[in-house]
Amino acid sequence: MNGLILQGFEWYLPDDGNHFNHLKEKLEELKGLGITAIWLPPVFKATGTNDVGYGIYDLFDLGEFDQKGNVRTKYGTKEELLSLIDKAHEVGISVYADVVLNHKAGADEKEKFRAVEVSREDRTKVIGEEKDIEGWTKFTFPGRDGKYSEFEWNHQHFSGVDYDDIEKKGGIFKLTGEGKGWSWAVAGEHGNFDYLMFSDIDHNHPDVRQEIFYWADWFINETNVDGFRYDASKHIDAGFMDDLENHIRANIKEDFYSMGEYWNGDNQTLIDYMSETSGNIDLFDVPLHYSFYSASHSGSEYDMRTIFDNSILKTNPTIAVTFVDNHDTQLGQSLESWVKPWFKEHAYSIILLRDEGYPTIFWGDLYGIGDGTLYGGMYDKLTKLMELRRDYAYGDQDDYLLDANTVGFVRKGDDDHPGSMAVVMTNGDMATLSMNVGEDQKGKIFIDALGNNDSKIQIKDDGYGDFHVSPGSVSVWVEKI
Ligand code: CA
């Protein structure tokens, strides 16, 4: 089966509590277009309903308790969430939850404890005396009142905070004392990238480990989700992640699916992380995203033959979760690296029509961003590509990577999907690429299913066709029916 994930949100969705209902209404249509899984935005109570969800407050409040100013989250109530998940399962779509385990935000009370300030640029560099600070680290969840879990968080469970309330000063403050300090099984940027934001959870504290394992049992049973998308993986102790994954597989669901956001463009760093987590966590193909980004900004200067270089798709296709853009790379966001619209059809043709990888479609590309005035998305083109994936992306794959500007590949189909498909794309002038779609296709007339080129191409006796592509464009040639 050609699995296909929809990232079911973008950064600027309206704060109207209606998104879960909205998604639910779209499920049948999405299933028809070949979507097999939806990655939901974080479903947990965050700092407020205007929070996308990454400023997470309570892992046990899925829009059920009056906390942080409302019962619902940005996207709806727990009841609406559970109803969405049930309906998704009914139509045959899996659901992946976005879990935010690196940090907590919006504490209920502040506490006094010992800490040192460290440099933002180099978190191994102490830039102040060890002293008492007041940090927002006490989480008592008064609105939930102990339901599901009586665990309360305090400063012992964190390794760093972003604010000292005594001096009313922002910064990165590392907690000191016995057993305290950054984890070293994290990314190496900034000297040590354990700390990302808010109150950074200490995953080596035994009570924290026990509570998060307990939470995973509760959450998966309560919601029946089929997988996790781990937010900010590279900032969380890799040994903890490995233990958590093993715990889930051994105690909850053997075939649970996990994918990790490990944001790094270097292939080897990602492969190392894969080993540290026993190959249980699929990884977003960040290097491939950056290739798309570069290609989209370089025009005809980019050598299209190198587009797979350094990608997870090429070196470790079975764990590659491919994507073009997401809620962080979109304009104005923390990892902004937006693939220019002229190249998005190229990029989606690659991730949707090739054999390797588990592709993700970004909500913003399908339905637009915000009110659509800045970017309206590419619904018509993208749904066409989704249909092509559903109907033609099967069987053997032959690459034609001979020219720096114009490249192509052919899918030969299989017994259940006998049609051949020839994909040709260029970042230069109009071009023609001769490709073999199989001798069994001889005499047939092929047309461009994307409608970017009007030609009709007859397949020759030897199975070859001369497939055209318009300037800076993509064409996907299939038999005219
Ligand atoms: Ca961390």
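Which residue forms a salt bridge with Glu-64, and how far apart are the closest N and O atoms? Hold that thought while I set the scene.

What we have here is a predicted model, where local features need pLDDT of at least 70, side-chain atom pairs count only at pLDDT 80 or more, and totals for chains, interfaces and linings use all residues. Residues are numbered from 1 along each chain as its sequence is written, and side-chain values use heavy atoms, with hydrogens and water left out.

Okay, the layout. The protein is divided into domain 1 (5–101 + 206–392), domain 2 (104–201) and domain 3 (397–479); those bounds come from an automatic or database domain assignment. Taken over C-alpha atoms, the centres of domain 1 and domain 2 are 27 Å apart.

Now, how do those two meet? On one side 32 residues of domain 1 are in contact with 27 residues of domain 2, contact meaning heavy atoms within 4.5 Å. About 2,200 Å² is buried between them, and carbon and sulfur atoms give 57% of that. Buried area, by the way, is the accessible area (1.4 Å probe) that two parts lose on being put together, summed over both.

There are three salt bridges between domain 1 and domain 2. A salt bridge here is a side-chain nitrogen of Lys or Arg within 4 Å of a carboxyl oxygen of Asp or Glu.

Back to my opening question: the partner of Glu-64 is Lys-147, with the closest N and O atoms 3.4 Å apart. On the domain 1 side of this interface, strand S4 (56–58), H3 and helix H4 (238–251) each give two or more residues, and H3 gives the most, seven residues. Those labels are DSSP runs numbered from the N terminus: helices are H or I with at least four residues, strands are E with at least two.

Across the whole structure, a search finds 34 salt bridges. Glu-64 sits in the loop between S4 and helix H2 (78–91), and Lys-147 in the loop between strand S8 (131–138) and strand S9 (158–164), so this pair ties together parts 83 residues apart in sequence. Are they buried or exposed? Somewhere in between: Glu-64 is partly exposed at 26% relative accessibility, and Lys-147 is partly exposed at 41%. For the cut-offs, buried is under 20% relative accessible area, exposed is over 50%, and partly exposed is in between (1.4 Å probe, protein chains only).

Compare another pair. Asp-325 and Lys-344 meet in a salt bridge at 2.6 Å, N to O. Asp-325 is in the loop between strand S15 (320–322) and helix H8 (341–353), while Lys-344 is in helix H8, so parts 19 residues apart in sequence are tied together. Asp-325 is buried, with a relative accessible area of 1%, and Lys-344 is buried too, at 0%. Salt bridges with shared partners also join Glu-64, Lys-78, Lys-147 and Glu-222 into one network.

Last stop, the inside. The largest nonpolar core has 123 residues, and Trp-215, Phe-219 and Leu-352 are among those with the most contacts inside it. Such a core is a set of buried Ala, Val, Leu, Ile, Met, Phe, Trp, Tyr and Cys residues joined through side-chain atoms within 4.5 Å. Helix H3 (residues 206–223) supplies the largest share of this core, eight residues. Apart from it lies another core, of 14 residues, including Phe-467 and Trp-477.
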